[in-house]
Structures are given as structure tokens and as C-alpha cells.
Amino acid sequence: MPRRRPGALRAERGTFAGRRAPAWARELPPVDRLSPEASADVHRVRGRGHFYPLEDLLSRYRAFLERPGGRLRLTYALCPAPGCELDDLAVVRDGLAEWCADLPPEARSALARVLVGLDARLRRRTLPDPEAPRTDRAGTPRPWWHRLRYEDHQ
């Protein structure tokens, strides 16, 4: 049985590993700290049902981490409407996790490298909530960012 060439395998996966991004991708704006190839993958995946653009989610995450002061506390979204729900950083991080899961492997690893640094800053500047439930109602484990301390709202 003949061996398949690596370029054919990459083309089948729809990624740009080992070569330059196509011309259409170089004309689009780059995505936050990602290579042109990873940005091209983001632009290709953009229409697959993601409600919020990756750039918006990353900018909200960075804006939260750049708040002055020492410890940060997450805030609940006061309104469940689309757009308003992004006031809750856990919802923003959920959106980033969805993007990461939907990207091809090379773009996923590039986004994961960006998220590792942001997540480390979030862990340093927030405190865990010991009373936060570890699972949802269905018994599925909740990600660590859902178990951080929130501001008290009355």
C-alpha cells in the first residue's frame, strides 16, 4: 500500500502547517497574537456557529486581567441577553474553550499557548471558591474557571 504524503494529509485536515497562509487569509486582519496560518484557520472556522468572535472573547479576557488592584473577583452577568452575558468571565472562558475545540490541531495549539499565559494570570489574581459546586446538575465536572470567587450581589 503506498504511503500518503504529509502535504496530502495536511490538506485533507484543512490546515496550513508547513506552508504560508493563502492570499485571502493574508488580506484579513490577524487574530490576537496568532500566526497568519492560525488566523486563517480561525477565519475559516468563524462561520461554524460561534456566537462571539474569537477576537472579542480574547479582548474581554485581557481587559479583565488588566484591571488595577490586587485580587480580582468575577462578576455575574446582570442580564442573560446575548452580549450582556459576556460580563461574566466564566462565560467568556467557556467561549474560548469552544473555539479551541473547534479549531484544527495547529491553530488549536497556537490558541492554547495564548490561553495558558492568560489562565496563569487569572489563577494568580483570583481565589478559588471553596463553596462552588464541582459538577453541574447533570453531574458533569465544571471547568476550574467556574469555581472562582465571585463578587457578592444583593
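**Cys79 and Cys84**

I started with Cys79, which is partly exposed at a relative accessible area of 30%. This is a predicted model, so I am reading computed positions throughout. I then went looking for a partner for the Cys79 sulfur, and the closest cysteine sulfur belongs to Cys84, 3.6 Å away. A disulfide needs the two sulfurs within 2.5 Å, so I wrote this pair down as too far for a bond. Going at it from the other end, Cys84 is in no disulfide either, its nearest cysteine sulfur being that of Cys79 at 3.6 Å. Cys84 is partly exposed too, with a relative accessible area of 31%. I ran the search over the whole structure and got 0 disulfides.

**Overall layout**

Next I stepped back to the fold. I count 6 helices and 0 strands in the protein chain, and reading along the sequence gives me α-α-α-α-α-α. Of the 154 residues, 35% are buried. I also checked how far apart in sequence the contacts reach: among those with a separation of 6 or more, 58% join residues 24 or more positions apart. For the surface, I get about 9700 Å² exposed, with carbon and sulfur atoms supplying 54% of it.

**Helix 3**

I picked out helix 3, residues 36–45, to see how covered it is. Mostly covered, it turns out: 7 of its 10 residues are buried. My list of the buried ones in helix 3 runs Ala38, Ser39, Ala40, Asp41, Val42, His43 and Val45. I note that Asp41 and His43 are on that buried list along with Ala38 and Val42.

**Aromatic pairs**

I looked for ring pairs and the count came to 3. Phe51 and Tyr52 make one of them: the centres are 5.0 Å apart and the planes stand at 90°, so I filed the pair as edge-to-face. The two residues differ in cover, since Phe51 is exposed at 59% relative accessibility, whereas Tyr52 is buried at 14%.

Tyr76 and Tyr150 came up as another pair, with ring centres 4.1 Å apart and planes at 10°, so this one is stacked. What parts of the chain does this pair tie together? Tyr76 is in the loop between helix 4 (54–65) and helix 5 (89–102), while Tyr150 is in the segment after helix 6, so the pair links parts that are 74 residues apart in sequence. On cover, I have Tyr76 as partly exposed at 44% relative accessibility, and Tyr150 as buried with a relative accessible area of 10%.

**Arginines over tryptophans**

I then checked for charges over rings. The charged end of Arg93 sits over the ring of Trp145, 4.2 Å from its centre. I found another case with Arg123, whose charged end sits over the ring of Trp144, 3.9 Å from the centre.

**His146**

My last stop was His146, in the segment after helix 6 (105–125). Is His146 buried or exposed? At 17% relative accessibility it falls under the 20% limit, so I count His146 as buried. I found a polar contact of 3.5 Å between the side chains of His146 and Arg142. Leaving out residues up to four places away in sequence, I have His146 touching Ala90, Asp94 and Ala132.

Key:
Residues are numbered from 1 along each chain as its sequence is written. This is a predicted model: local features need pLDDT of at least 70, side-chain atom pairs count only at pLDDT 80 or more; totals for chains, interfaces and linings use all residues. Side-chain values use heavy atoms; hydrogens and water are left out. Helices (H or I, at least four residues) and strands (E, at least two) are DSSP runs, numbered from the N terminus. Buried means under 20% relative accessible area, exposed over 50%, partly exposed in between (1.4 Å probe, protein chains only). A polar contact is a pair of N or O atoms within 3.5 Å; within protein, one must be able to donate a hydrogen and the other to accept it, and residues adjacent in sequence count only if both atoms are side-chain atoms. Contact means heavy atoms within 4.5 Å. Accessible areas come from the Shrake-Rupley method with a 1.4 Å probe; for residues, only the protein chains shown count as cover. Rings of Phe, Tyr and Trp (its six-membered ring) pair if their centres lie within 6.5 Å; planes under 30 degrees apart count as stacked, over 60 as edge-to-face and the rest as tilted. A charge sits over a ring if NZ of Lys or CZ of Arg is within 6 Å of the ring centre and within 35 degrees of the ring normal.
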